[in-house]
Amino acid sequence: ARAETVREIRFAMDGPGTVDTAYLTAHTAIRAGQTLDRGAVEQDVRTLLKADRVSTVQADVGAAGKDEVTLTYRIRPKLKLIEAVLVKGNDYNSVSRIQDLMGLKAGDFVDEPTVAAAVSKLKQEYRKKRFVFIRVTWKLETVNAREGTARLIVTLDEGSRTTIRRFHFTGNDHMGRLDLKDAIGLSSWYNPIGWFTHTPYDQDELEADLDRIVQAYQKKGYLDARVAQPVVLERGDGRYEVTFPIKEGRLYRVRSLTVTGATIYSTNVLRKAIALKPGDVASVDALHNAVDALRDYYEGRGYMRTRASFENLMDDAAGLVDVRFPVQEGQLTTIRDVTIRGNAVTRDKVIRRELTVYPGEIFNGVQMRRSEKRLKNLGFFSTVETYEEPTAVSNRSDLVYEVEEQRTGQFMVGAGFSTIDQILGY
């Protein structure tokens, strides 16, 4: 394909409001006159989506002459709140407390996902106080379409508090009550924290507890454990008792291990890389660890994008499992460049000295993830994301470490007066 040059870059508004072109240009890297790089366009879209004033972005490329194109970013702006959130129907919390919980104030730029996230946060805070039946509706009203201003109206139906006073388990012959309570996040009787906390009755949480109990059994090798719908008894005054009927099934052990799809390394070598062996308990954690070990074996030697999984063939009568590990081998890949993005305050060299991967080397997925962990441990960043960017050469890729900085310290000044020390300062 012939290289195309970007003749013009346009920003088109989709919906009420507008965003300054200078603001949008500051959040994009590609410029008119450059060769069109679709990877750079995708990165610009990601950057714009993180901008405070942008809700959605769509990039369109249109022909503009021989080997020239016009690049258009279609922007849906966020709306600007002209006043504090209007709250109706509240009783337990004050209006100011609800506004603080939502974290939205006059002058903030919002869209439907932003408001939905704030409402979700509000509902979570209410549920912590055992108002699990709370209902929240909201409306984002456009005040001035040209200026892109709006007001947010939130209406609450708080409901009443609920408490589960007791949990019971039946059919649990091989797992104790304390282990099951721990699986669903309940404090033990000897933990003082549990004496002063209450578990709200929440049907969604009970459904999640079913999965947590099954997962706890599967981690111990009871692969066909099942939990029926909990029996809930209402004792009045918002108090409930819950019973989980459990069918444990039998304990399974590994009978055989098979690796399929491997051509680069022998199956004997790969089986040695897996810590699991015949006779071991067939716990789900052990199976997932075996999959990770296979992936790390390949990616630690440069074969990126290797995929592995496991399939169980269970012999119910014997309590044995034949495990098959299908492998999709990746391609031996070299690092063309290591790019740092998102750091406005932290210098590149501070980040790069934590990395154990370098341009020109064969990709090492284990070291790549280890470097990501080291960056997280610095405490400078709220998020660290690592990903590959393909290049024109299939077996060469760029490695990107994208970070989001957070506040790392404070400076405080104060003064005071006492009858003993006179003037004090710190």
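Reader: How do you know that the span of helix H2 (residues 38–49) agrees with what is expected at 1.5 Å a residue?

Author: In this predicted model, the end C-alpha atoms of H2 are 17 Å apart, while the expected span for its 12 residues is 16 Å at 1.5 Å a residue, so the two values agree.

Reader: Which residues of H2 are buried, and what covers them?

Author: The buried residues of H2 are Val41, Gln43, Asp44, Val45 and Leu48, and their cover includes helix H1 (21–26), strands E2 and E3, strand E19 (334–341), strand E20 (381–390) and strand E21 (396–405).

Reader: Why is Ile30 called buried?

Author: Ile30, which is found in the loop between H1 and H2, has a relative accessible area of 3%, and buried means under 20%, so Ile30 counts as buried. Leaving out residues up to four places away in sequence, Ile30 touches Val6, Ile9, Thr35, Leu36, Asp37, Val41, Asp44, Leu71 and Tyr73, and two of these names, Val41 and Asp44, belong to the buried residues of H2. The C-alpha atoms of Ile30 and Gln367, by contrast, are separated by 31 Å, with their places 337 residues apart along the chain.

Reader: What makes Thr72 buried?

Author: Thr72 sits in strand E3 (residues 68–77), and its relative accessible area is 10%; since the limit for buried is under 20%, Thr72 is placed in that class. Not counting residues up to four places away in sequence, Thr72 is in touch with Arg10, Ala12, Gln58, Ala59 and Asp60.

Reader: Why does Asp67 count as partly exposed?

Author: Asp67 belongs to the loop between strand E2 (54–65) and E3, and its relative accessible area of 27% falls between the 20% and 50% limits, which means that Asp67 is partly exposed. The phi of Asp67 is near 60 degrees, a positive value in a residue other than glycine.

Reader: What makes Arg130 buried, and what is its phi?

Author: Arg130 has 15% relative accessibility, and because buried means under 20%, Arg130 counts as buried. Arg130 is found in the loop between helix H4 (112–128) and strand E7 (135–144), and its phi is positive, about 75 degrees, although Arg130 is not a glycine.

Reader: Why is Ala84 called partly exposed, and how far is it from Gly65 in space?

Author: The loop between strand E4 (79–81) and strand E5 (86–88) holds Ala84, whose relative accessible area of 35% lies between 20% and 50%, so Ala84 is called partly exposed. Ala84 and Gly65 are 50 Å apart, C-alpha to C-alpha, and 19 residues apart in sequence. Beyond residues up to four places away in sequence, Ala84 touches Gln99 and Ala106.

Reader: How do you know that Gln215 is partly exposed?

Author: Gln215 lies in helix H7 (residues 203–219), and its 44% relative accessibility is between the limits of 20% and 50%, so Gln215 counts as partly exposed. The C-alpha atoms of Gln215 and Val284 are separated by 8.2 Å, although the two are 69 residues apart along the chain.

Reader: What are the span and the buried residues of helix H9?

Author: Helix H9 (residues 284–299) has 16 residues and reaches 23 Å from its first C-alpha to its last, close to the 22 Å expected at 1.5 Å a residue. Its buried residues are Val284, Leu287, Ala290, Val291, Leu294, Tyr297, Tyr298 and Glu299.

Reader: What makes H9 roughly perpendicular to helix H11 (residues 365–377)?

Author: H9 and H11 pack at an angle of about 105 degrees, with their axes 7 Å apart; roughly perpendicular covers 65 to 115 degrees, and therefore H9 is roughly perpendicular to H11. Arg295, Asp296 and Glu299 in H9 meet Gly365, Val366 and Arg369 in H11, and the residues of this contact divide into 1 nonpolar, 1 polar and 4 charged.

Reader: Which residues touch the most other members of the largest nonpolar core, and which element gives the most to it?

Author: The largest nonpolar core has 22 residues, of which Leu270, Ile274, Val323 and Phe325 touch the most other members. Strand E13 (253–260), H9 and strand E17 (320–328) each give two or more residues to this core, and H9 gives the most, with 7 residues. Leaving aside neighbours within four places in sequence, Leu270 is in contact with Val259, Ala262, Tyr265, Leu294, Tyr297 and Tyr298.

Notes: Residues numbered from 1 in each chain as written. Predicted model: local features only at pLDDT ≥ 70, side-chain atom pairs only at ≥ 80, totals over all residues. Heavy atoms only, no water. Helix = DSSP H or I, 4+ residues; strand = E, 2+ residues; numbered from the N terminus. Expected span 1.5 Å × (residues − 1). Buried < 20%, exposed > 50% of the residue type's maximum accessible area, 1.4 Å probe, protein only. Core = buried A, V, L, I, M, F, W, Y, C linked by side-chain atoms within 4.5 Å. Contact = heavy atoms within 4.5 Å. Axes fitted to C-alpha atoms, helices over the stretch in contact; angles between N-to-C directions. Parallel < 35°, antiparallel > 145°, perpendicular 65-115°, else oblique. Nonpolar A, V, L, I, M, F, W, Y, C, P; charged D, E, K, R; others polar.
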